[in-house]
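Okay, thanks everyone, let me get the picture up on the screen. I'll keep this short.

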Amino acid sequence: MMSTTLDLRRSCKALTGFLAGLALLGASVSAMAQSVVVQGNKRVDTDTIRSYVSDQAPEAAKRDLLQTGLFSSVDVRRSGSQTIVTVRENDVINRIVFEGNKKLKTEVLLGELQLKERGAFSQSALDNDLARIREIYLRGGRANATVNVRTVTLENGRIDVVYT
């Protein structure tokens, strides 16, 4: 009987130690989630950015944030117990305009573009769209057509894309 009581006490102590360890682990995970500092965002919500960073290595978080297409640059680093995320948001396309276009309908060309009005701007998508428009003119028998593109920076992180 004495050994059963002793075993029961040992089991209770072990269980108490285990529960205390779980409580500390929960507190440290909670503290880690609260220690994500986000800098540079204007339109994208801070909690949205934090959701990509939580429980990830800095390299994986950076890759995932860049893949959203919302940011032109992302830096994720650890500083002590904090994870610091610095972002630069892509501009938002205000409008897409075609100037001097007489042979092809604007609606047809807009349908061929990757970039969309009120969408995030990226230089690589713009380059792809320019190549696509040139290809459309070439296939339409207009090999001599010259297509250029320029961007007009507006306030509040907006941009116009103008094809000429």
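I'll talk about one helix first, and then about a sheet. Keep in mind that this is a predicted model.

So, helix 3, which covers residues 58-67. Which of its residues are buried? They're P58, A60, A61, D64 and L65. These residues span an arc of only 160° around the axis, and that's why they end up on the same side of helix 3. As a reminder, an α-helix has 3.6 residues a turn, so residues three or four places apart point the same way. Flip to the face turned away from the buried side, and you find the exposed residues E59 and Q67. And what covers the buried ones? Helix 2, strand 2 and strand 3 are among the elements doing that.

Now look at D64, one of those buried residues. Its side chain makes a polar contact with the side chain of R63, at 3.3 Å. Setting aside neighbours within four places in sequence, D64 touches Y52 and Q56. After the helix comes G69, with a positive phi near 80°.

On to the sheet. It's an open one with three strands in the order 4-6-5, and the pairing is mixed. Strand 4 and strand 5 sit at the edges with a single partner strand each, so each has one side without a neighbour in the sheet. From one strand to the next, the twist averages 20°. Strands 5 and 6 run antiparallel and are joined by five bridges; V149, for instance, has Y163 in strand 6 as its bridge partner. Finally, helix 5 packs on this sheet, touching strand 4, strand 5 and strand 6, and its direction makes about 20° with that of strand 6.

Terms used:
Residues numbered from 1 in each chain as written. Predicted model: local features only at pLDDT ≥ 70, side-chain atom pairs only at ≥ 80, totals over all residues. Heavy atoms only, no water. Helix = DSSP H or I, 4+ residues; strand = E, 2+ residues; numbered from the N terminus. Polar contact = N/O pair within 3.5 Å; in protein donor to acceptor, adjacent residues only side chain to side chain. Contact = heavy atoms within 4.5 Å. Buried < 20%, exposed > 50% of the residue type's maximum accessible area, 1.4 Å probe, protein only. Arc of directions from axis to C-beta. Pairing = 2+ DSSP bridges. Axes fitted to C-alpha atoms, helices over the stretch in contact; angles between N-to-C directions.
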